[in-house]
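Please look over the following model, beginning with the place where its chains meet and moving from there to the interior and to a single helix.

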Amino acid sequence: MARHKKMQSPDEDEPGLDISSMIDVCFLLLIYFIVTTTIVKKEQDLDMALPSVAPSETPPEISPFFIKLEANGYISIRSDGTPEQLVESDPDSRVLPTLQPLLETYRDAAMASSQEPLVQIYVEAEARQQRVIDVLNSLAATGISKVTFTDLLDEE
Amino acid sequence: MSPMIDMVFLLLLFFLVVSNPKTIKIDPDVTPPIASAARTPKSKYGKIVVNIHENGDLRAENFNVTLDDPDALEAYITKSKDDAERVGHVARLHIRGDQNTIFKYCRKVIRVAARVGVTEVAFGGYINDK
């Protein structure tokens, strides 16, 4: 009996793996996640260091910059014993065009005397949170992070 | 093909192991204010999140927990501070106040936090309204 040995090509020796189903599933998953994903707005931080809420026994070396925020959104300032002056009266404006340069001037003066600028804020209880953040935002933009809320010891 | 799949699984394992799983839960009932100068937080660890709703309701990071009772608020901040400091993190109060709430609720939280020794405060906000 003659034996005919059939020659096999190298391709037929290796087992094949059909990955087309896996690719189908991967694409289905990808489409599912693309459709169901909701993009969440990313929140950022406004960092503040509150030096103390208790009255300090040692007064600060530099005269603090005083900001008063009223319930109607008006912002007044007082610095170096000057009388209180109204600087911002548009509560719907997110930028504070008058306050910002004043803060920068104060910061530069403090830096010139090698001291850290210190800001005291008095906020009326009924003031909107957005307006408070507007003020803190101006401070952060100016590079002032040492802030005291002067009314923290008061009772509500 | 199999070496590539091996590599993919190795990479997947690597990223699973080294990834930072800490996430901050976001209370959907709070719309934070706009703060264009806000920056990406340096660390997510040590944050003591307090959500303040528009009507003044105070909620913990797990926003199903209400903190309207001053004792509950103080206990929450104290416990979170102790937990953070136990693992070497600096405790930081993170206030997520609704943009339309009023400041007296925020002040109440800061006052309690200061009383228990947390003086680092961060206010959550969006850098724009889009």
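Two strands are said to pair if DSSP finds at least two bridges between them. In this predicted model, strand 1 of chain A and strand 4 (residues 120-125) of chain B pair in the antiparallel sense over six bridges, and A49(A) stands opposite E120(B) in that strand of chain B.

This pairing belongs to a wider meeting of the chains, in which 31 residues of chain A are in contact with 34 residues of chain B. On the side of chain A that touches chain B, strand 1 (44-49) and helix 4 (129-142) each supply at least two residues, and helix 4 of chain A gives the most, with eight residues. The residues on this side of chain A divide into 18 nonpolar, four polar and nine charged.

The largest nonpolar core has 54 residues, and L46(A), L136(A), V50(B) and V109(B) are those with the most contacts inside it; its largest share, eight residues, comes from helix 3 (residues 103-115) of chain B. Leaving aside neighbours within four places in sequence, L46(A) is in contact with residues of both chains, including I133(A), L136(A), A122(B) and F123(B).

Helix 3 of chain A spans residues 99-112. Within this helix L99(A), L103(A), Y106(A) and A110(A) are buried, and because they cover an arc of only 65° around the axis, they lie on the same side of helix 3 of chain A. What covers these buried residues includes strand 2 (65-69), strand 3 (75-79), strand 4 (85-88) and helix 4 of chain A, whereas P101(A), D108(A), M111(A) and A112(A), on the other side of helix 3 of chain A, are exposed.

Methods:
Residues are numbered from 1 along each chain as its sequence is written. Chains are lettered from A and ligands numbered from 1 in the order in which they are written. This is a predicted model: local features need pLDDT of at least 70, side-chain atom pairs count only at pLDDT 80 or more; totals for chains, interfaces and linings use all residues. Two residues are in contact if their C-beta atoms, placed from the backbone, lie within 7 Å. Helices (H or I, at least four residues) and strands (E, at least two) are DSSP runs, numbered from the N terminus. Ala, Val, Leu, Ile, Met, Phe, Trp, Tyr, Cys and Pro count as nonpolar, Asp, Glu, Lys and Arg as charged, and the others, Gly among them, as polar. A nonpolar core is a set of buried Ala, Val, Leu, Ile, Met, Phe, Trp, Tyr and Cys residues joined through C-beta atoms within 7 Å. A residue is buried if 20 or more other C-beta atoms lie within 10 Å of its own, exposed if 12 or fewer, and partly exposed in between; C-beta atoms are placed from the backbone. The expected span of a helix is 1.5 Å times one less than its number of residues. The arc is that of the directions from the helix axis to the C-beta atoms.
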